[in-house]
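Reader: Before accepting any label in a structural description, I should like to see the criterion behind it. Could the terms be set against their definitions?

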Amino acid sequence: MSIPVTTEPTYSDHSTIDGQDGIVRRLSVGEHHFETGGYLPEVELAYETFGTLNAEGSNAVLVLHALTGDAHVATGHAAQPGWWADFVGPGLTVDTDKYFVLSVNMLGGCNGSTGPSSHNAQGHPYGSSFPFTTIRDAVHVEAKLADALGIDVFHAVMGGSMGGARALEWAVQYPDRVRNLVVMAATGQSTAEQIAFAQVQIEAIRQDPYFAQGDYYANAVGPDAGLGIARKLAHITYRSEAELEHRFGRTAQGQEQPLGSATWPRGRYQVESYLDHQAGKLVNRFDANSYVVLTEALMSHDIARGFDSFEAALARLAEVNVVIAAVRSDRLYFPEQSERLAAALPVPKPVYYIDSPIGHDGFLTDAKQLHGVLSHLVFEQEP
């Protein structure tokens, strides 16, 4: 089920939020006509800010989260550390003493922004009636939020995984509003294999007997088992084979007996316990419908949609300074896909690498390896 978010006042004047780092706020950005034909009369976005927007509004950095992330990118005044707590904050790579960081919970999510668990005009959760959402839809409503906060141009737009997809779409759709673009562990188009992994996750949720075609909010039990299985499959793709083997191998979990016995159930291997733990964590904090909506948005990701070609879409970035980064051990977004993206830019760029053994999630755990590159290429410039 969705998580309650403490309601905070909404603001349209950025000067009123200075010094209030890491507090969740919501702001209505009005109606939205979805790319595939859906419609919502009102969309609210949940967001957090860190640092102070300067008088010119030129020091804003938009940081975009991955699939099951949220707006809490840095720690700020909150007790809970941000998901990039060693990368975004005072004196860090994205220095909130110098830059005003905006992080937005994606449309369709369950951490404050309008999504399937939000109530419609009749006071009922949208559930199965929530419109099909694309990455482009998310970007367009985020642009409305930026307008409301007085941000005409971002010094940088950045993110990893789904956040990288959103960042790239931002620059393609609004190249005049993005000075610097940082895309980590992401591509310009979801590949057949990425779609295949995602499809199995979605089906695990939809085949859960408690899914109720997406209208389960009034029921005593939701599709927790399906969501847990989806998370397990996803997490395998987020980590490398080498890391799983090094951490767990074939070791049994505690005193459990994985070899089995005459009675069910058998005991687990440590890696099974690990996946169970990851599934349980997500089920306790995320809505299954939002998982489906955001996963399908990522499946549909294609910056070339509506353009003559992939290269034609990227041609819009001629005046944007682009930095592409990949994780060497990534087996979900392979480094060669980042190489293809970098080579297709109007001015081909090198790919900068995060050397982490853990796989795709290295963009979260080891982004600080890019400190030197980003300090020189993006944050050395005067905002």
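Author: The following exchange takes up salt bridges, burial and strand pairing in turn. The model is predicted: local features need pLDDT of at least 70, side-chain atom pairs count only at pLDDT 80 or more, and totals for chains, interfaces and linings use all residues. Residues are numbered from 1 along each chain as its sequence is written, and side-chain values use heavy atoms, with hydrogens and water left out.

Reader: Why is the contact of Arg239 and Asp361 called a salt bridge?

Author: A salt bridge requires a side-chain nitrogen of Lys or Arg within 4 Å of a carboxyl oxygen of Asp or Glu. The N to O distance between Arg239 and Asp361 is 3.3 Å, and therefore the pair satisfies the definition. A search of the whole structure finds 15 salt bridges.

Reader: What makes Arg239 and Asp361 a link between distant parts of the chain?

Author: They lie 122 residues apart. Arg239 is in the loop between α4 (224-238) and α5 (241-247), and Asp361 is in the loop between β12 (351-354) and α10 (362-365). Helices (H or I, at least four residues) and strands (E, at least two) are DSSP runs, numbered from the N terminus. Both Arg239 and Asp361 are buried, a term for under 20% relative accessible area, as against exposed for over 50% and partly exposed in between (1.4 Å probe, protein chains only).

Reader: Which partners does Arg268 have, and how do you know that Arg268 is partly exposed?

Author: Arg268 forms salt bridges with Glu256 and with Asp276, the N to O distance being 2.9 Å for Glu256 and 2.9 Å for Asp276. The relative accessibility of Arg268 is 26%, so this residue counts as partly exposed. Glu256, at 25%, therefore receives that label, and Asp276, at 30%, is therefore partly exposed as well.

Reader: What makes strand β11 largely enclosed by the rest of the structure?

Author: Strand β11 covers residues 321-327, and six of its seven residues are buried, so the strand is largely enclosed.

Reader: How do you know that β11 pairs with β10 and with β12?

Author: Two strands pair if DSSP finds at least two bridges between them. Five bridges join β10 (residues 178-184) to β11, and four join β11 to β12; both pairs therefore meet the criterion. β10 and β11 run parallel, and β11 and β12 pair in the parallel sense. Leu181 stands opposite Val322 in β11, while Ala326 stands opposite Tyr353 in β12.
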